[in-house]
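Colleague: Could we go through this model together? I'd like to hear the reasoning behind each label.

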Amino acid sequence: IILLYKMIAKIACRLARHVSTEAHRTTQVRRFLHGAYFRIEPSIQEALVEGRPVVALESTIITHGMAYPQNLSMAREVEKIVMRNGAVPATIALDVSADLTELGRTPVAVVSAGVKSILDIGRTLEYLETQGVCVAAFGASRMFPAFFSSQSGFQAPYHVQDEEEAAKLIASTLGLGLSSGVLIAVPCPQERAASGQLIEDATQQALSEASSVSLSNFLYIGRSKGITGKELTPFLLQKINELTSGKSLDSSILLLNGANKGVVCHTDLALIQNNARVGSCIAVALSKLQKATRKGSMPRRGDTTLPQPVVIGGINVDFIAKAQNPVILSGGQTNAGRVRRTFGGVGRNLADCLSRLGLTPLLLSAVGKDEHSESVLHYCHHMDMSAILQLEGKSTATYSAVITSAGELSIGLGDMDIHQQITEQYVCMPADLQPSAYEKLCGEKKANVDRTLPKVSQFKEKLCQAPLVCIDGNVPLSTIQYVCKLAREHQLAVCYEPTDENKASKPFLSDSWKALTYISPNLQELKAINRTLGNPLPAGTEHSEELTATSLCAAHYPAIPISKEQIVNVSGAGDSLMAGIAAGMLANHDTDTCVWMGLLAARLSLCSYEPISPEISTSTVSQEQVQSRPWPKAKVWKLD
């Protein structure tokens, strides 16, 4: 949950995960948030990635509304309120004006106090309706609150009695795929309503001293004195503080609403604390609702009615550094840029996407017992990670890439030795294996291994019953050969993901490749495989019409159109494509439907900062979604 703009005593609930990635505006906003102009603290970024409730606290009252040290103590108290209610506080410093307009074009939920009487509340509500903003009153009454009173004389279009109803309204509104936001108006606590009159009188006098009670005149006079933009806020606050002999800061915090450029509004400190409490409770309720929805569309881990697919491959923690400037300086100099941590690895990506598509495969992989592994396991809570080998003294695989400002890879470094622990013995360990052999397998004492022998002994049985086995090129050659041998013996469907050009040819170094049912190479990987089979391409050519196979059928399916501006990340698109196709095959769909499901999944991941888009689900990638849109006809070649 994150806030993009400034409103009256606001706390925003970020809902971008539930917004259709089809919206070009949303993509632009996401690019801004993750660009050089917006920095997210690592702890907040980790909470967002892990799906924990985060409440963004707007900081104008800290910078303009209160003097030091009152502003600092107030900010800390509000953060404590958010934490006490089970959410993560994120105090922000992003100043974006035109609040009401922004609410109409940004999918965000704002928890706000009522509107100051100087505003035309009726017209404000009409404008919000015109912008497509869902407005709801929070609490016992449907009455849209004024600032110091729960009674404004205007009914809110919607009404939510508690945080659970608010969370459901937010989720259902964004489920429609609209690009507008939600405003939850919280009335002032009854015990504080009477104290507002002092501030109201001071506000009117401050405006009068500016030459007129007319708001427009106030702005004009202020600007004629050289007071413009954000400087109008401290000008007004200082005047009201003088008129109330400092009582305004004792009882109230005053804000200048950036949406209306000079519309004065103020809120009691207790009201800010109340908004923090309500906002964090809504965030927690929404997080629970999202997790319940995701779990409801996936089979339970303990559900053994149908055999699980099995994925064997690597898990990586990726650190991607993108330079801000066109030229990367060498010689030990520090370059400005943006560094992001994501969770990848081809095997993990395939298992992640298949899980989001309702299949929940068993993932066989290895990680170290370190800080990275704990983050990975927590992030992958929606996946079946029960078989992961977690080893003391080993490092979880990490990959670091430096990318130019144009998006080209400058240098990449990988620490992936732990993938060699995905051995033949680990993958297909028999039930009667002795502990001494298990110790030899792991290169560790058994007491230092975080997974127990009984769990590992079941893998071979699950592998032999799997409707599909996916294996990536990161695992050792002997493991690939053993799985292919087992596939031939048990007539298993095997999908091989080559991973990269240097690893693509592993199954083709022997006759193991004859056990493969599916393979998903890119052009460079396909050329490497062709050379390994003894069929080199003609020198100096990128494509060749020469084929040695006696028969070949090829089909080209055009990708779903997407602009360069919408593309955020390409690292998991291929894995999403393969997983979408595999999900269709396991559902016994025809070839066209399977490929189109893969294209739907790939497009979603192209628009996501995570390798596998959280938007991928059984509702966004399905036969029904395929049937709901037109598709260009595939071009087919058949050579005999």
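What follows is a short talk about cysteines, aromatic rings and a sheet in this predicted model.

Colleague: Let's start with sulfur. Why are Cys 470 and Cys 495 not called a disulfide?

Modeller: Cys 495 holds the cysteine sulfur closest to that of Cys 470, at 4.5 Å. A disulfide needs the two sulfur atoms within 2.5 Å, so this pair does not qualify. By that rule the count for the structure is zero disulfides.

Colleague: And what makes Cys 470 and Cys 134 count as buried or exposed?

Modeller: Buried means under 20% relative accessible area. Cys 470 has 4%, so Cys 470 is buried. Cys 134 has 9%, and therefore Cys 134 is buried too.

Colleague: On to the rings. How many aromatic pairs are there?

Modeller: There are four aromatic pairs. One of them joins Phe 343 and Tyr 379, with 5.0 Å between centres and 35° between planes.

Colleague: Why is the pair of Phe 343 and Tyr 379 called tilted?

Modeller: Stacked would require planes under 30 degrees apart and edge-to-face over 60, so 35° leaves the pair as tilted. Phe 343 sits in strand β12 and Tyr 379 in helix α14, 36 residues apart, so the pair links distant parts of the chain. Both Phe 343 and Tyr 379 are buried.

Colleague: What makes Tyr 557 and Trp 596 an edge-to-face pair?

Modeller: Their ring centres are 6.3 Å apart, within the 6.5 Å limit, and their planes stand at 80°, over the 60 needed, so the pair is edge-to-face. Tyr 557 lies in the loop between β21 and α21, while Trp 596 belongs to helix α22, so the pair ties together parts 39 residues apart in sequence. Tyr 557 and Trp 596 are buried, and ring pairs link them with Trp 631 into a cluster.

Colleague: How do you know that Arg 629 lies over the face of Trp 631?

Modeller: Arg 629 is 5.4 Å from the ring centre, and the distance cut-off is 6 Å.

Colleague: Now the sheet. Why are β12 and β17 called edge strands?

Modeller: The open sheet has the order β12-β11-β16-β17, with mixed pairing. β12 and β17 each pair on one side only. The twist averages 15° from one strand to the next.

Colleague: What makes β11 and β16 partners?

Modeller: Pairing takes at least two bridges, and six join these parallel strands, so β11 and β16 pair. Asp 318 stands opposite Tyr 399 in β16. Helix α14 lies across β11, β12 and β16, at about 65° to β12.

Terms used
Residues are numbered from 1 along each chain as its sequence is written. This is a predicted model: local features need pLDDT of at least 70, side-chain atom pairs count only at pLDDT 80 or more; totals for chains, interfaces and linings use all residues. Side-chain values use heavy atoms; hydrogens and water are left out. Buried means under 20% relative accessible area, exposed over 50%, partly exposed in between (1.4 Å probe, protein chains only). Rings of Phe, Tyr and Trp (its six-membered ring) pair if their centres lie within 6.5 Å; planes under 30 degrees apart count as stacked, over 60 as edge-to-face and the rest as tilted. Helices (H or I, at least four residues) and strands (E, at least two) are DSSP runs, numbered from the N terminus. A charge sits over a ring if NZ of Lys or CZ of Arg is within 6 Å of the ring centre and within 35 degrees of the ring normal. Axes are lines fitted to C-alpha atoms, for helices over the stretch in contact, and angles run from 0 to 180 degrees between N-to-C directions. Contact means heavy atoms within 4.5 Å.
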